[in-house]
Amino acid sequence: VQLQASGGGLVQAGGSLRLSCAASGSIFSIHAMGWYRQAPGKQRELVATITSAGRPNYADSVKGRFTIARDNAKNTMYLQMNSLKPEDTAVYYCNADAAPYGLGYYDFWGQGTQVTVSS
């Protein structure tokens, strides 16, 4: 299973970005998916997760500004980020709890996409 994150970039404070994460490969099933981020000198932190049924969970720091969604038919997850702040600057990673055909569930990570918010 491979995860490809895209959509990062440079945006001014108050702006918006939409991240995408496409899962590909020999996929039998995907349970929860999520977005995490890591700022320079800081630990990786959870941004938002979404179950296979579409139930979202958000970090307090992004509630009301970010929206996570997924399209199970396309094995793709999205993160709509509005009202961006400089403190949202980080590398954003997508994660999936997925089962390749013939195997059990494993934790997969994408390569990360840089989000930079200027003040």
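Which residue of β8 stands opposite S20? In this predicted model, the residue that stands opposite S20 is Y78, and this one pair offers a convenient way into the sheet to which β8 belongs.

That sheet is an open one made of four strands, which follow one another in the order β1-β3-β8-β7 and pair in the antiparallel sense. The strands at its edges are β1, covering residues 2-6, and β7, covering residues 66-71; each has a single partner strand, so one side of each is left without a neighbour in the sheet. From one strand to the next, the twist averages 15 degrees. Strands of a sheet in general pair through backbone hydrogen bonds, and the pairing may be parallel or antiparallel.

The sheet can be followed strand by strand, starting from β1. This strand pairs with β3, which spans residues 17-24, in the antiparallel sense and over five bridges. Within that pairing, Q2 has S24 of β3 as its bridge partner, while Q4 has A22 of β3 as its bridge partner. A22 also leads onward to the next strand, for its bridge partner in β8 is T76. The pairing of β3 with β8, which runs from residue 76 to residue 81, is antiparallel and comprises six bridges, and it is here that S20 and Y78 stand opposite one another.

The last step across the sheet goes from β8 to β7, two strands that run antiparallel and are joined by six bridges. One of the pairs here is R70 with its bridge partner M77 in β8. The two strands form a hairpin with four residues between them, and in this hairpin N75 takes a positive phi near 50 degrees. As for its surroundings, β8 is mostly covered, since five of its six residues are buried.

From the sheet, the path leads to the interior. In soluble globular proteins, nonpolar side chains tend to be buried together. Here the largest nonpolar core has 33 residues, and the members that touch the most other members are W35, L79, M81 and Y92. Two or more residues of this core come from each of β1, β3, β4 (27-38), β5 (45-50), β7, β8, β9 (90-100) and β11 (113-118). The element that gives the most is β9, with five residues.

Which two residues does the disulfide join? The model has one disulfide, and the residues joined are C21 and C94, with a distance from S to S of 2.3 Å. Because C21 lies in strand β3 and C94 in strand β9, the pair ties together parts that are 73 residues apart in sequence. The torsion about the S-S bond of C21 and C94 is about 65 degrees, and therefore the disulfide is right-handed. Is C21 buried or exposed? C21 has a relative accessible area of 0% and is buried, and C94 likewise counts as buried, at 0% relative accessibility.

Aromatic rings provide another kind of contact, and the count of aromatic pairs comes to two. One of them is formed by F28 and Y101, whose ring centres are 5.6 Å apart and whose planes stand at 70 degrees, so the pair is edge-to-face. This pair links distant parts of the chain, with F28 in strand β4 and Y101, 73 residues apart from it, in the loop between β9 and β10 (106-109). F28 is exposed, with a relative accessible area of 57%, and Y101 also counts as exposed, at 53% relative accessibility.

Rings also meet charged side chains in this model. The ring of Y78 has the charged end of R18 sitting over it, 4.2 Å from its centre, so that Y78, which stands opposite S20, returns here in another role. In a second arrangement, R44 lies over the face of W109, at 4.7 Å from the ring centre.The path ends at V62, which is found in the loop between β6 (56-58) and β7. With 0% relative accessibility, V62 counts as buried. The C-alpha atoms of V62 and K85 are separated by 9.9 Å, and these two residues are 23 residues apart along the chain.

Note on methods: Residues numbered from 1 in each chain as written. Predicted model: local features only at pLDDT ≥ 70, side-chain atom pairs only at ≥ 80, totals over all residues. Heavy atoms only, no water. Pairing = 2+ DSSP bridges. Axes fitted to C-alpha atoms, helices over the stretch in contact; angles between N-to-C directions. Core = buried A, V, L, I, M, F, W, Y, C linked by side-chain atoms within 4.5 Å. Buried < 20%, exposed > 50% of the residue type's maximum accessible area, 1.4 Å probe, protein only. Phe/Tyr/Trp six-rings, centres within 6.5 Å; stacked < 30°, edge-to-face > 60°. Lys NZ or Arg CZ within 6 Å of the ring centre and 35° of its normal. Disulfide = S-S within 2.5 Å.
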